[in-house]
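Hi everyone, thanks for making the time. I'd like to walk you through one model today, so please have a look at it while I talk.

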Amino acid sequence: ITPNSSGFDNDKMQLTKSIKIYTPTYRNDGADKPVKNIIFLIGDGMGLAQVTAADRVNKGLSMLKMRYMGLITTSASDAFTTDSGAGGSALSCGYCVPNRHICMSEDGKPYPLITDFFLARHKVCGVVTLGNVADATSAVYYAHNVERDNSDAITRDLLENKLTLLAGSGMEVFTKRQDNINLVDSLNNKGYHFIHNVNDIVSQKGKEICVDEAMGDAANVDNIELLAHTTHNAIEKLNQSSRNGFFLMVEGAKIDYAGHARYFPGSVMETLSFDEAIAEALKFADQNGETLVIVTADHETGGLTLIDGDNKTGHVTAYYVTDDHTPIMVPVFAYGPQAQRFIGKYYNYQIPWKIKSLFSK
């Protein structure tokens, strides 16, 4: 797999300046007080090596300002190494499922999604991805299926009305279908507005599906702030939509793509793009005081190893062991009230249960 086959452009992979690092106030960090909102950020394919490299190149990251940290294992129920279907499902439904499954057991039993949990508590839910809206990590928050590539069936599950906002790329999953269903009209009849620019997310009330094809582009010097900008708009949209609070999942999708392509500059750029989105979540958490921010990954991609580097210049030499996923443990960072509950080593599927326990009273 060559870098350009995955949309990476060598000419746009060098930033003229470091991205800004946000230092939180820590005013409510780790406080034993109620949580109203959850912002859950998933760096697809992001392991400790990817974080370390981006930190060294940028001389700091906002995610590393989060003081409560842990490690999670990521195995699927049928394999030591997970795919994004099983890895993402564990982070949504709280169960270990087979590879390629979307929140379904080995025998096809659907597991309740974390969005179901929040909807039952009258909170609104949103999903933002810097990738295709029907990809596995997005799908696990609104769909069930035994095959992650069954995009027709997966997107039909949007008719269940679990989301107030879905934003990403991939209009073809709505228009180029094998099932002959006019899903756009069906979703319009369910109260969804289709928009095609992330700048318009806050412009109208009601439920929205934002399919902006710019979200499918690899992060580069021209668009590195796109995920952060979309995250900011999504937070504002959901916060205005309900007095009862919200759940938002934000995916940095292409850290994984860079790992599959064994393209190290892309990995750094995508991780920095993701970190800017984390900064937006932390800023809102500080302003709001009732928001818990959780950052993790569904798995590591590439078996990335850092060989050498230069402390002064930030140059890093790295090597990929594979062009596929690995079973290496991935980090968890938490900030805000109850953040202390997410430290230590545990299984990925425990994260949804930890989140639910905050709202059990």
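Before we start, one term: a crossing of two helices is called right-handed if the near helix is turned clockwise from the far one by less than a right angle, and left-handed if it is turned anticlockwise. Please also keep in mind that what you see is a predicted model.

So, let's use that term. H2 passes H11 in a right-handed crossing. The contact between them is formed by Ala90, Leu91, Ser92 and Cys93 on the H2 side, and by Ile351, Pro352, Trp353 and Lys356 on the H11 side. Sorted by class, that gives six nonpolar, one polar and one charged residues. As for geometry, H2 and H11, the latter covering residues 350-357, pack at an angle of about 15°, and their axes are 5 Å apart. Angles under 35 degrees count as roughly parallel, so H2 is roughly parallel to H11.

Now for a second helix pair. At what angle do H1 and H10 pack? The angle is about 80° between H1, residues 48-58, and H10, residues 264-288, with the axes 9 Å apart. That makes H1 roughly perpendicular to H10. H1 brings Gln50, Ala53, Ala54, Val57 and Asn58 to this contact, while H10 brings Phe264, Ser267, Val268, Thr271 and Leu272. Here the classes come out as six nonpolar, four polar and no charged residues.

Let's stay with H1 for a moment. Its buried residues are Ala49, Gln50, Val51, Ala53, Ala54 and Asn58. Besides H10, these buried residues pack against helix H9 and strands E9, E10 and E11. Right after H1 comes Lys59, which has a positive phi, near 60°.

On to the sheet. It is an open sheet of 10 strands with mixed pairing, and the order reads E5-E6-E4-E3-E7-E1-E8-E13-E2-E14. Which strands sit at the edges? Those are E5, residues 192-195, and E14, residues 344-347, each pairing on one side only. On average, and ignoring direction, neighbouring strands are turned by 15° against each other.

I'd like you to find E7 next, residues 246-252. How many of its residues are buried? Seven of its seven residues are. In a regular strand, side chains alternate between the two faces of the sheet. For E7, both faces are covered: Phe246, Leu248, Val250 and Gly252 are buried on one side, and Phe247, Met249 and Glu251 are buried on the other.

Who are the partners of E7? E1, residues 37-43, runs parallel to E7 and is joined to it by six bridges. In that pair, Ile39 stands opposite Leu248. E3, residues 124-132, also pairs with E7 in the parallel sense, over six bridges, and there Val124 stands opposite Phe246. Helix H8, residues 226-241, lies across E1, E3, E4, E6 and E7, and runs at about 170° to E7.

At the E14 edge of the sheet, E2 and E14 run parallel and are joined by four bridges. Thr73 of that pairing stands opposite Tyr347 in E14.

Let me finish with three single residues. The first topic is Thr74, in the loop between E2 and H2. Is Thr74 buried or exposed? With a relative accessibility of 1%, Thr74 counts as buried. Leaving aside residues up to four places away in sequence, Thr74 touches Thr82, Asp298, His299, Thr326, Pro327, Ile328, Val330 and Asn348.

Then there is Ala277, which belongs to helix H10. Ala277 has 0% relative accessibility, so it counts as buried too. With the sequence neighbours up to four places away set aside, Ala277 touches Leu41, Leu227, Ala228, Thr231 and Val250.

And then Asp157, in the loop between H5 and E4. Why does Asp157 count as buried? Its relative accessible area is 19%, and the cut-off for buried is under 20%. Its contacts, again beyond four places in sequence, are Tyr142, Ala143 and His144. The C-alpha atoms of Asp157 and Ala143 are 5.3 Å apart, although their positions lie 14 residues apart along the chain.

That's my tour, and I'm happy to go back to any part of it.

Notes:
Residues are numbered from 1 along each chain as its sequence is written. This is a predicted model: local features need pLDDT of at least 70, side-chain atom pairs count only at pLDDT 80 or more; totals for chains, interfaces and linings use all residues. Side-chain values use heavy atoms; hydrogens and water are left out. Axes are lines fitted to C-alpha atoms, for helices over the stretch in contact, and angles run from 0 to 180 degrees between N-to-C directions. Helices (H or I, at least four residues) and strands (E, at least two) are DSSP runs, numbered from the N terminus. Angles under 35 degrees count as roughly parallel, over 145 as roughly antiparallel, 65 to 115 as roughly perpendicular and the rest as oblique. Contact means heavy atoms within 4.5 Å. Ala, Val, Leu, Ile, Met, Phe, Trp, Tyr, Cys and Pro count as nonpolar, Asp, Glu, Lys and Arg as charged, and the others, Gly among them, as polar. Buried means under 20% relative accessible area, exposed over 50%, partly exposed in between (1.4 Å probe, protein chains only). Two strands pair if DSSP finds at least two bridges between them.
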